[in-house]
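Please open the structure in your viewer and keep the sequence beside it. The tour below proceeds by selection, one stop after another.

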Amino acid sequence: MNGIRIGQGFDVHAFGDGDHVMLGGVRVPHDRGLLAHSDGDVVVHALCDALLGALALGDIGRHFPPSDPQWKGADSLAFLHHCDGLARARGWRVGNADVTVVCERPRVGPHVEAMRTTLAAALGIALDAVSVKATTTEALGFTGRGEGIAAQAICLLVRA
């Protein structure tokens, strides 16, 4: 099939000092921040990796290396715009995207619609083509212990 491509992505960041986390381009109040070179938005990072994977163009670290000072504190939505631009330049567009956030805290549910809206706008696609959901690990592992947050994403690319 030459008309579709599927990619998946995963990202994780540890909690550190701060008063919020960025998730899906949305500032979510929290008693911790994220340790990251950019804004640490695991939702956007996982989605970028999914797009790059579908395009067979490596991973987010290849395109935005943490060793490069220009990305220090960067808004991850700029990464998503770049990845979407790579897809469009090659004749692809996102058909749909599905992201799962994995954490015990902060509570993601109240922010899901804002995340969906932000991601859909960033990708120039319909709201009903973007899914964001959350789960816990039932207090197991690093997310269960409240040490960090993770996200996984999958996207379908279709011919533009």
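Which side chain meets that of Arg-116 in a salt bridge? Select Arg-116 together with Glu-113: their side chains form the salt bridge, with an N to O distance of 2.7 Å. Please bear in mind throughout that this is a predicted model.

**Helix 4**

Both Arg-116 and Glu-113 belong to helix 4, where three residues, about one turn of the helix, separate them. Arg-116 counts as buried because its relative accessibility is 16%, below the 20% limit for that class. Glu-113, at 46% relative accessibility, counts as partly exposed. Now extend the selection to the whole of helix 4, residues 112-123, which lies across strand 5 and strand 6. The helix runs at about 145° to strand 6.

**The sheet**

Next, display the strands beneath this helix as part of their sheet. It is an open sheet of five strands in the order 4-1-7-5-6, and the pairing is mixed. At its edges are strand 4 (33-34) and strand 6 (130-135), each of which pairs on one side only. Strands of a sheet pair through backbone hydrogen bonds, in either a parallel or an antiparallel manner. To examine one such pairing, select strand 5 (residues 92-102) and strand 7, which run antiparallel and are joined by 10 bridges. Within this pair, Arg-93 stands opposite Val-158 of strand 7.

**A nonpolar patch**

Remain on strand 7, which covers residues 148-159, and select Ile-154 there. Ile-154 is partly exposed, with a relative accessibility of 39%. Add Ile-4 and Ile-6 to the selection: with Ile-154 they make a nonpolar surface patch of about 260 Å².

**Two further salt bridges**

The model has six salt bridges in total. For another of them, select Asp-31 and Arg-105, whose side chains meet at 2.9 Å, N to O. Asp-31 is in the loop between strand 3 (26-29) and strand 4, while Arg-105 is in the loop between strand 5 and helix 4, so this pair ties together parts that are 74 residues apart in sequence. Both partners are partly exposed: Asp-31 has a relative accessibility of 48%, and Arg-105 has a relative accessible area of 45%.

Keep Arg-105 selected and add Pro-106, since the peptide bond joining them is cis, with omega about 5°. Pro-106 is likewise placed in the loop between strand 5 and helix 4.

Then move to Arg-27 and Asp-19, whose side chains form a salt bridge at 3.5 Å, N to O. Asp-19 is partly exposed, at 48% relative accessibility.

**A buried aspartate**

Select Asp-41, in the loop between strand 4 and helix 1 (42-55). Is this residue buried or exposed? Asp-41 is buried, as its relative accessible area is 1%. Leaving aside neighbours within four places in sequence, its contacts are Met-22, Leu-23, Gly-24, Gly-25 and Ser-76. Add Ala-151, which is 110 residues from Asp-41 along the chain: the two C-alpha atoms are separated by 9.2 Å.

**Two positive phi angles**

Finally, select Ala-56, in the loop between helix 1 and helix 2 (60-63). Ala-56 is not a glycine, yet its phi is positive, at about 60°. With 64% relative accessibility, Ala-56 counts as exposed. The last stop is Glu-138, in the loop between strand 6 and helix 5 (141-144). Glu-138 is not a glycine either, and has a positive phi of about 55°. Glu-138 is exposed, at 65% relative accessibility.

How values were computed
Residues numbered from 1 in each chain as written. Predicted model: local features only at pLDDT ≥ 70, side-chain atom pairs only at ≥ 80, totals over all residues. Heavy atoms only, no water. Patch = residues over 30% accessible without salt bridge, like charges linked within 9 Å, V, L, I, M, F, W, Y side chains within 5 Å. Areas by Shrake-Rupley, 256 points an atom, 1.4 Å probe, with all protein chains shown as cover. Salt bridge = Lys/Arg side-chain N within 4 Å of Asp/Glu carboxyl O. Helix = DSSP H or I, 4+ residues; strand = E, 2+ residues; numbered from the N terminus. Buried < 20%, exposed > 50% of the residue type's maximum accessible area, 1.4 Å probe, protein only. Pairing = 2+ DSSP bridges. Contact = heavy atoms within 4.5 Å. Axes fitted to C-alpha atoms, helices over the stretch in contact; angles between N-to-C directions.
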